[in-house]
Every structure is written in C-alpha cells, then in structure tokens.
Amino acid sequence: MSIATVDIAPLAEADDLAPVLLTVEEAARCLRIGRTTCYALIRTGELESLTIGGLRRVPADAPAAYLARRRAEQRAA
C-alpha cells in the first residue's frame, strides 16, 4: 500500500480570497483591541455586525469604517 499525496492547490486558491466576514476575535485583532472591547463596540452600534445562525460576524470593511469615523470625529474636535 502506498501513501498518496494530496493535492492542496484548491485549498490554496480558496485561501487567496479575502474574507467577507470576520469573527469578533479577528475584528478585534484588526483593530488591535481586546475581544471584550470589540463586543462593547458592537453592543453600542459603533462597530457593524450581524448574526448568522447564532454566530456573530463583522463585515470585513467594518473595522476600517469604524476607524474612518473615529478619525473624522477627532479631526472635527
């Protein structure tokens, strides 16, 4: 019996795609904040999120939009 090699090329191609949704932990890492702080931003509506089948997900563009709003607020102050 020989050991067959597994072609991982389809997996590599799938990894090349940018994610559409992030977990809360991934969004927190993007913003360089803690998970609890990220949940607080979601709770107050400052960071956009949605629930899919009981899982909380953050759109991939939401962290950048949050930062843009914060920067605009700071410039206006």
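How many helices and strands are there in the protein chain? In this predicted model, the protein chain contains four helices and three strands. Read from the N terminus, these elements follow the order α-β-α-α-β-β-α.

The mean pLDDT of the protein chain is 88, and 81% of the residues reach at least 70. Residues 4-8 have a pLDDT below 50, and in the model this stretch makes zero contacts beyond near neighbours in sequence.

The protein chain comprises 77 residues, of which 18% are buried. The exposed surface of the protein chain amounts to about 6,100 Å², with 57% of this area supplied by carbon and sulfur atoms. Among contacts in the protein chain with a separation of 6 or more, 43% are between residues 24 or more positions apart.

With respect to cysteine pairing, zero disulfides are present in the structure. The closest cysteine sulfur to that of Cys30 belongs to Cys38 and lies 9.1 Å away, which is too far for a bond, because a disulfide requires the two sulfur atoms to be within 2.5 Å. Cys38 likewise takes part in no disulfide, its nearest cysteine sulfur being that of Cys30. The surroundings of these cysteines were also examined. Cys30 is partly exposed, with a relative accessibility of 47%, whereas Cys38 is buried, with a relative accessible area of 0%.

Key: Residues are numbered from 1 along each chain as its sequence is written. This is a predicted model: local features need pLDDT of at least 70, side-chain atom pairs count only at pLDDT 80 or more; totals for chains, interfaces and linings use all residues. Side-chain values use heavy atoms; hydrogens and water are left out. Buried means under 20% relative accessible area, exposed over 50%, partly exposed in between (1.4 Å probe, protein chains only). pLDDT is the predictor's confidence in each residue, from 0 to 100. Contact means heavy atoms within 4.5 Å. Helices (H or I, at least four residues) and strands (E, at least two) are DSSP runs, numbered from the N terminus. Accessible areas come from the Shrake-Rupley method with a 1.4 Å probe; for residues, only the protein chains shown count as cover.
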